[in-house]
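Reader: Could you walk me through what's inside this fold and what's on its surface?

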Amino acid sequence: MNSNAYQLYASPRSPFARRIRLALRRLELPLTETFLDVFVDNPEFWKQNPIGTLPTLITPDAGTLSDSSHLLEYLHEKTGKIWPKTF
Ligand SMILES: N[C@@H](CCC(=O)N[C@@H](CS)C(=O)NCC(=O)O)C(=O)O
């Protein structure tokens, strides 16, 4: 995997994951996505995020992050393009 790439673990129907997927696409950041079913045990994923919630984003510079609000804050700090400037 490209070391500058983001790896997103997501649930396909999750609105929490959807807003992160939209943000990453609009920011045109290099991305690989892995879709999981939260109703099935995912021991490999749990090694990345023992809390086990989706979405989880593995970043090139800030390790493994979870919680969609936290992820949007991270992406805004990185790009300045998530929230309106007058917000
Ligand atoms: N506050 C979290 C909520 C995430 C969440 O609840 N995700 C669900 C899937 S839609 C999940 O991971 N459920 C599995 C679990 O709680 O073990 C966020 O905004 O990311």
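Author: Sure, here are a few questions and answers on cores, loops and surface; keep in mind that this is a predicted model.

Reader: Which helices and strands each supply at least two residues of the largest nonpolar core?

Author: That core has 14 residues, and Leu-8, Ile-20, Leu-24, Leu-57, Leu-71, Tyr-74 and Leu-75 touch the most other members. The elements that each put in at least two residues are β1 (6-10), α1 (15-26) and α3 (68-79).

Reader: How many residues make up the other core?

Author: It lies apart from the 14-residue one. Among its members are Tyr-9, Leu-36, Phe-45 and Leu-54, and the total is five residues.

Reader: Back to Tyr-74: what does it touch, leaving out residues up to four places away in sequence?

Author: Tyr-74 is one of the core residues that touch the most other members. With those sequence neighbours left out, its contacts are Tyr-6, Leu-57, Thr-59, Pro-60, Asp-61, Ala-62 and Leu-65.

Reader: Is Val-38 buried, partly exposed or exposed?

Author: Val-38 sits in the loop between β2 (31-35) and α2 (43-48). Together with Phe-39 and Val-40, Val-38 forms a nonpolar surface patch with about 350 Å² of accessible area. Its own relative accessibility is 48%, so Val-38 counts as partly exposed.

Reader: And Pro-50, buried or exposed?

Author: Pro-50 is in the loop between α2 and β3 (56-58). The cut-off for exposed is over 50%. Pro-50 has 71% relative accessibility, so the label is exposed.

Reader: How many Å apart in space are Pro-50 and Leu-8?

Author: In sequence, 42 residues separate Pro-50 and Leu-8. Going C-alpha to C-alpha, the distance between them is 15 Å.

Technical notes
Residues are numbered from 1 along each chain as its sequence is written. This is a predicted model: local features need pLDDT of at least 70, side-chain atom pairs count only at pLDDT 80 or more; totals for chains, interfaces and linings use all residues. Side-chain values use heavy atoms; hydrogens and water are left out. Patches are made of residues with over 30% relative accessible area and no salt bridge: like charges are joined within 9 Å, nonpolar side chains (Val, Leu, Ile, Met, Phe, Trp, Tyr) within 5 Å. Accessible areas come from the Shrake-Rupley method with a 1.4 Å probe; for residues, only the protein chains shown count as cover. A salt bridge is a side-chain nitrogen of Lys or Arg within 4 Å of a carboxyl oxygen of Asp or Glu. Helices (H or I, at least four residues) and strands (E, at least two) are DSSP runs, numbered from the N terminus. Buried means under 20% relative accessible area, exposed over 50%, partly exposed in between (1.4 Å probe, protein chains only). A nonpolar core is a set of buried Ala, Val, Leu, Ile, Met, Phe, Trp, Tyr and Cys residues joined through side-chain atoms within 4.5 Å. Contact means heavy atoms within 4.5 Å.
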